[in-house]
Amino acid sequence: MAIEEPKYQVLESQEEYEVRLYEPQVQAFTHVDEADWQDAANQGFRRIAGFIFGKNSRNQRISMTAPVGVQAEKGGHEITFVMPAEHSLDGLPKPEDSRVVLRLQKARKVAAIRFSGRSSEANTREHLEKLRSWMKGKGLVATGEPIWAGYNPPWTLWFLRRNEILIPLN
């Protein structure tokens, strides 16, 4: 069972690092006032999952996509799902939960690192530092906070999990 992922072009690739250009995408997002990113991800996931499983103005189910994104922001975290490419911003039903918002994310360039294993704080921090070091060596400048991207359901064995860290670039 293939799950749709956002489309992007690889501009540069070296070992586990990439510079990508993502196409514009419609996203559902929510802000969670939670300091711990894993707790925030769980809360935000449930909110947005409710929307795609039918808690919306049309009781319409929307296909699941990957990844789920988690980004630190003032006072908590922003959790995002990319909507399937077949949906336009105007064509989607309105979420019943007012904390779930739809938006059009413009095309953007990011530095990325892919890694497997659990999305523990230590594993994520280790790969974030590796990505920042690689970016520094390449002269790449971040324009936003890192985004943790998770691609697998919770029951996936830890060694089969796909995680990424994406850092927006100028």
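In this predicted model, strands E3 (residues 25-32) and E5 (residues 76-82) run antiparallel and are joined by six bridges. Within this pairing, His-31 finds its bridge partner in Glu-78 of E5. Helix H1 (residues 37-52) packs on the sheet, where E3, strand E4 (68-73), E5, E6 and E8 are touched by the helix. The direction of H1 makes about 40 degrees with that of E5.

Stepping back to the whole sheet, nine strands form an open arrangement in the order E1-E2-E7-E9-E8-E4-E5-E3-E6, with antiparallel pairing. Strand E1 (8-14) and strand E6 (101-105) stand at the edges; each has a single partner strand, so one side of each is left without a neighbour in the sheet. On average, and with direction ignored, neighbouring strands are turned by 30 degrees against each other. A second helix, H2 (residues 121-138), lies across E1, strand E2 (17-22), strand E7 (108-115), E8 and E9, and runs at about 130 degrees to E7.

Edge strand E1 offers a good place to look at individual residues. Leu-11 is found in this strand and counts as partly exposed, at 43% relative accessibility. Leaving aside residues up to four places away in sequence, Leu-11 touches Val-19, Arg-20, Leu-21 and Lys-109.

Electrostatic pairs come next, with 11 salt bridges found in the whole structure. In one of them, Glu-12 pairs with Lys-138, with the closest N and O atoms 2.8 Å apart. This pair links strand E1 to helix H2 across 126 residues of sequence. Glu-12 is partly exposed at 28% relative accessibility, and Lys-138 is partly exposed at 39%. Helix H2 also takes part through Lys-130, whose side chain meets that of Glu-16 in a salt bridge (3.0 Å, N to O). Here Glu-16 sits in the loop between E1 and E2, 114 residues from Lys-130.

A buried counterpart is provided by Glu-164 and Arg-20, whose closest N and O atoms are 2.9 Å apart in a salt bridge. The two residues lie in strands E9 and E2, respectively, 144 residues apart. Glu-164 counts as buried because its relative accessibility is 0%, under the 20% limit; Arg-20 is likewise buried, at 2%. Through shared partners, salt bridges join Glu-5, Glu-18, Arg-20, Arg-114, Arg-162 and Glu-164 into one network.

Finally, the surface carries a nonpolar patch of about 440 Å², made by Leu-157, Trp-158, Phe-159 and Leu-160. Leu-160 lies in the loop between strand E8 (147-150) and strand E9 (163-168), and counts as exposed at 53% relative accessibility.

How values were computed: Residues are numbered from 1 along each chain as its sequence is written. This is a predicted model: local features need pLDDT of at least 70, side-chain atom pairs count only at pLDDT 80 or more; totals for chains, interfaces and linings use all residues. Side-chain values use heavy atoms; hydrogens and water are left out. Patches are made of residues with over 30% relative accessible area and no salt bridge: like charges are joined within 9 Å, nonpolar side chains (Val, Leu, Ile, Met, Phe, Trp, Tyr) within 5 Å. Accessible areas come from the Shrake-Rupley method with a 1.4 Å probe; for residues, only the protein chains shown count as cover. A salt bridge is a side-chain nitrogen of Lys or Arg within 4 Å of a carboxyl oxygen of Asp or Glu. Helices (H or I, at least four residues) and strands (E, at least two) are DSSP runs, numbered from the N terminus. Buried means under 20% relative accessible area, exposed over 50%, partly exposed in between (1.4 Å probe, protein chains only). Two strands pair if DSSP finds at least two bridges between them. Axes are lines fitted to C-alpha atoms, for helices over the stretch in contact, and angles run from 0 to 180 degrees between N-to-C directions. Contact means heavy atoms within 4.5 Å.
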